[in-house]
Amino acid sequence: MRSDPATSAAPLRGLGGPLRSSEPVRGAPAPSAAALLLEEAADLLVVHLDFHAALRTCERAWRGLAEEPVGACLEVKCSLCVVGIQALAEMDRWQEVLSWVLRCYQVPEKLPPKVLELCVLLYSKMREPGAVLDTVSAWLQDADNQGLPEYGALAELHLQRVLLPLGCLSEAEELVAGSAAFSEEQQLDALQAISTARRQQKHGQSGSEETQKLNQEGSSSSKFLSLLTLLRQLWDSAVRHFFSLPFRKSLLAALLLCLLVVRFDPASPASLPFLHKLAQIFHRIRKAVASPLCRPPVHD
């Protein structure tokens, strides 16, 4: 059966139209070894769920990238990092992600925007944004990165997911004021968010100080009440003997108890009620001593 010439020639048509018989057939370039390993790693990650094997395959591909042209391996290298980050996260080894990608790129400034974004989102989700603070700051300060189209999105992500949760409000203001990546509307929104975070931070500090003060006062009052209970027990056991003593000795003993309390915590506000209590006790002693029942009988 004769085939249709138009149909048979269709796959061979390139940018220059149908190939002549005298032109060599130009096929697609063969994928590199690193690209083949990338496909294998992605298959292990998504289809077989073999995360250890996927990570090992990514590391094997890294070693092969050293033999390929730099321009041709940039995209493959970035994709390998994405697969490796996912594999580490699936194995609950997310703490190793940042050090793992920096082994590949050596310095933070060379990280691809996509890889850096994944690192920020991962550590923010795990409530450890401080781990990427220095890395993202170094990347944003690099002059070459400031011309990238992804710079603005990463600056805003750094503000919302790293600086504000960490309470780095001065750094956040410097980022917003010193970066042309924020539009006027974005700057206003960012400054409003920083102002809100500063108010919350001050409120939290004042609340913490008040709680600490209340705890200290509670501890001081507890100590004083314990001492007061002990002194009352001592007073109950000793008051029975006070009436058999001269009034001056009773007054001296009460004065010593007063000095003991003031010496225990002279600055405590709780000392004043006790002094008032002692004054009432003095009054009772004086009335008891002056009463006819406590006076010694008069002999003719």
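Let me start with Ala89, which sits in helix H4, and which at 31% relative accessibility counts as partly exposed. If you follow the chain onwards by 33 residues you arrive at Leu122, and the C-alpha atoms of Ala89 and Leu122 are separated by 8.4 Å. I should say straight away that what we are looking at is a predicted model, so please take every value I quote as computed from that model.

There is a second residue in H4 that I would like you to find, namely Val82, in the helix that runs over residues 70-90. Val82 has a relative accessibility of 29%, and it therefore counts as partly exposed. Which residues does Val82 contact, once its neighbours within four places in sequence are left aside? They are Lys114 and Leu118. The C-alpha atom of Val82 is also 9.7 Å from that of Cys119, a residue 37 places away along the chain.

Leu122 and Cys119 bring us to helix H6, since both appear among its buried residues. H6 covers residues 113-125, which is 13 residues, and from its first C-alpha to its last it reaches 18 Å, close to the 18 Å expected at 1.5 Å a residue. The full set of buried residues in H6 is Pro113, Val115, Leu116, Cys119, Val120, Leu122, Tyr123 and Ser124.

Now to the way H6 packs against other helices, where the general point is that two packed helices are described by the angle between their axes and the distance between the axes. For helix H5, which spans residues 97-105, the axis comes within 10 Å of the axis of H6, and the two cross at roughly 165 degrees. Angles over 145 degrees count as roughly antiparallel, and H5 and H6 are therefore roughly antiparallel to each other. Their crossing is left-handed. On the H5 side the contact is made by Val97, Leu98 and Val101, and on the H6 side by Val115, Cys119, Leu122 and Tyr123.

The other partner I want to show is helix H7, residues 133-141, whose axis lies 11 Å from that of H6, with the two helices packing at an angle of about 150 degrees. That angle makes H6 roughly antiparallel to H7, and H6 passes H7 in a left-handed crossing. Here H6 contributes Pro113, Leu116 and Val120 to the contact, while H7 contributes Thr135, Val136 and Trp139.

Let me turn to the backbone around these helices. As background, most residues other than glycine have a negative phi. In the loop between H5 and H6 you will find Gln106, which has a positive phi of about 70 degrees although it is not a glycine. Is Gln106 buried or exposed? At 61% relative accessibility, Gln106 counts as exposed. On the other side, just after H6, Arg127 takes a positive phi of about 60 degrees.

Earlier in the chain, Leu49 has a positive phi of about 55 degrees, and it is not a glycine either. Leu49 lies in the loop that joins helix H2, residues 33-46, to helix H3, residues 51-65, and with a relative accessibility of 54% it counts as exposed. In H3 itself, the 15 residues should span 21 Å at 1.5 Å a residue, and the end C-alpha atoms are indeed 21 Å apart, which agrees. The buried residues of H3 include Phe51, Cys58, Trp62 and Leu65, together with Ala53, Ala54, Leu55, Thr57 and Ala61.

Stepping back to the protein chain as a whole, the model contains 12 helices and 0 strands. Of the 300 residues in the chain, 31% count as buried. If we take contacts between residues at least 6 apart in sequence, 59% of them join residues at least 24 apart.

Finally, a word on confidence, which I would ask you to keep in mind as you look at the picture. The mean pLDDT of the protein chain is 75, and 56% of its residues reach 70 or more. Over residues 1-25 the pLDDT is below 50, and that stretch has 6 contacts in the model beyond near neighbours in sequence.

Methods. Residues are numbered from 1 along each chain as its sequence is written. This is a predicted model: local features need pLDDT of at least 70, side-chain atom pairs count only at pLDDT 80 or more; totals for chains, interfaces and linings use all residues. Side-chain values use heavy atoms; hydrogens and water are left out. Helices (H or I, at least four residues) and strands (E, at least two) are DSSP runs, numbered from the N terminus. The expected span of a helix is 1.5 Å times one less than its number of residues. Buried means under 20% relative accessible area, exposed over 50%, partly exposed in between (1.4 Å probe, protein chains only). pLDDT is the predictor's confidence in each residue, from 0 to 100. Contact means heavy atoms within 4.5 Å. Axes are lines fitted to C-alpha atoms, for helices over the stretch in contact, and angles run from 0 to 180 degrees between N-to-C directions. Angles under 35 degrees count as roughly parallel, over 145 as roughly antiparallel, 65 to 115 as roughly perpendicular and the rest as oblique. A crossing is left-handed if the near helix is turned anticlockwise from the far one by less than a right angle, and right-handed if clockwise.
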